[in-house]
Amino acid sequence: MDFFKYQGTGNDFILIDDRDETFPASQERIARLCHRRFGIGADGLILLRNHSEYDFQMVYFNADGAEGSMCGNGGRCIVRFAHDLGLFEKETRFLAVDGEHYAVVTEEEVSLKMNEISGIDHQPDYSFLNTGSPHYVKVVEDVESMDVVAEGRPVRYDDRFAPGGTNANFIEPIGSNTLFVRTYERGVEDETYSCGTGVTASALVAHQQLGMNSPVLIQTIGGNLRVSFEVTADGSFNDLYLTGPAVRVFTGSIPDEFLAD
Ligand SMILES: N[C@@H](CCC[C@H](N)C(=O)O)C(=O)O
């Protein structure tokens, strides 16, 4: 079976064209394919399937092999994949676990529309919101030198976010409208180079807590993204877009023994 590897600002994914629905999805198999020593290596695996009302459907699994909530960078990567497969020309609508998404591609970038966000829970030392996946966001000093795994893992498993847990983002303003964001990702159980739903959450928190305006520019370990949005009269965020590069990095074939039971 063929596979494709894409990355969006260093958040990397195995993409499978599963329009014939023959991929034998199991948690153990997907975790093995995502393993960086015993498999292909990736932060997640994404199936592209047919859907009668959309250009395609995205089915996302975290690196631990469990089906996940929405993945923003994965969403941008599957849009690039669908474009490479010739499923649309410039604009697309597809279905993901959190509903319909619209996206537009250029040569350099994929811009993905995220769902409207109605509220952010601001606590004294952190904020929490769901941008398709749950995100804790904390403003810190010197984010580049902090130990994201040591700080993020206890938050990910904290009782306040049980039973599902949360992703944990640490953000620092590095310009009037620019943030540096680092993320501990649930389901990868490590820091990733970038997290699209996390970056989106971070930009909205930065708007409310740090006075940043749309578009908020984001630096991650894996590259640059930007988040644009409109704020409605009731304080919700709509016309929310996550924009940045999404690139095919290689193609290959999964040996039959990996796919056999
Ligand atoms: N990398 C993702 C987030 C994927 C979901 C996350 N690991 C979770 O389980 O909440 C992104 O780019 O948004």
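Which helix gives the most to the shell around the ligand? Keep that in mind while we look at the site. One caution: this is a predicted model.

Start with the ligand. It is surrounded by 19 residues. Gly72, Asn73, Ser133, Gly196 and Thr197 are the closest of them. Now the answer. α2 gives the most, with three residues. α2 covers 72-84, and α4 covers 196-210. Each of these two supplies at least two residues of the shell.

What is the shell made of? Polar residues number 13. Three residues are nonpolar, and three are charged.

Where does the ligand sit relative to the domains? Domain 1 is 2-114 + 247-259, and domain 2 is 121-244. Both give residues to the shell, so the ligand lies between them.

Next, strand β7, residues 110-114. In a regular strand, side chains alternate between the two faces of the sheet. Here, Val110, Leu112 and Met114 form the covered face of β7. Ser111 and Lys113 form the uncovered one.

Who are the partners of β7? One is β6, residues 99-105. β6 and β7 pair in the antiparallel sense, over three bridges. A hairpin of four residues joins β6 to β7. Look for Ala103: it stands opposite Leu112 in β7. Leu112 belongs to the covered face.

Another partner is β16, residues 237-244. β16 and β7 also run antiparallel, with five bridges joining them. Here the pair to find is Ser111 and Thr243, which stand opposite each other. Ser111 is on the uncovered face of β7.

To recap: the ligand lies between domain 1 and domain 2, and β7 pairs with β6 and with β16.

Conventions
Residues are numbered from 1 along each chain as its sequence is written. This is a predicted model: local features need pLDDT of at least 70, side-chain atom pairs count only at pLDDT 80 or more; totals for chains, interfaces and linings use all residues. A residue is buried if 20 or more other C-beta atoms lie within 10 Å of its own, exposed if 12 or fewer, and partly exposed in between; C-beta atoms are placed from the backbone. Two strands pair if DSSP finds at least two bridges between them. A residue is near a molecule or strand if its C-beta atom, placed from the backbone, lies within 6 Å of it. Ala, Val, Leu, Ile, Met, Phe, Trp, Tyr, Cys and Pro count as nonpolar, Asp, Glu, Lys and Arg as charged, and the others, Gly among them, as polar. Domain bounds come from an automatic or database domain assignment.
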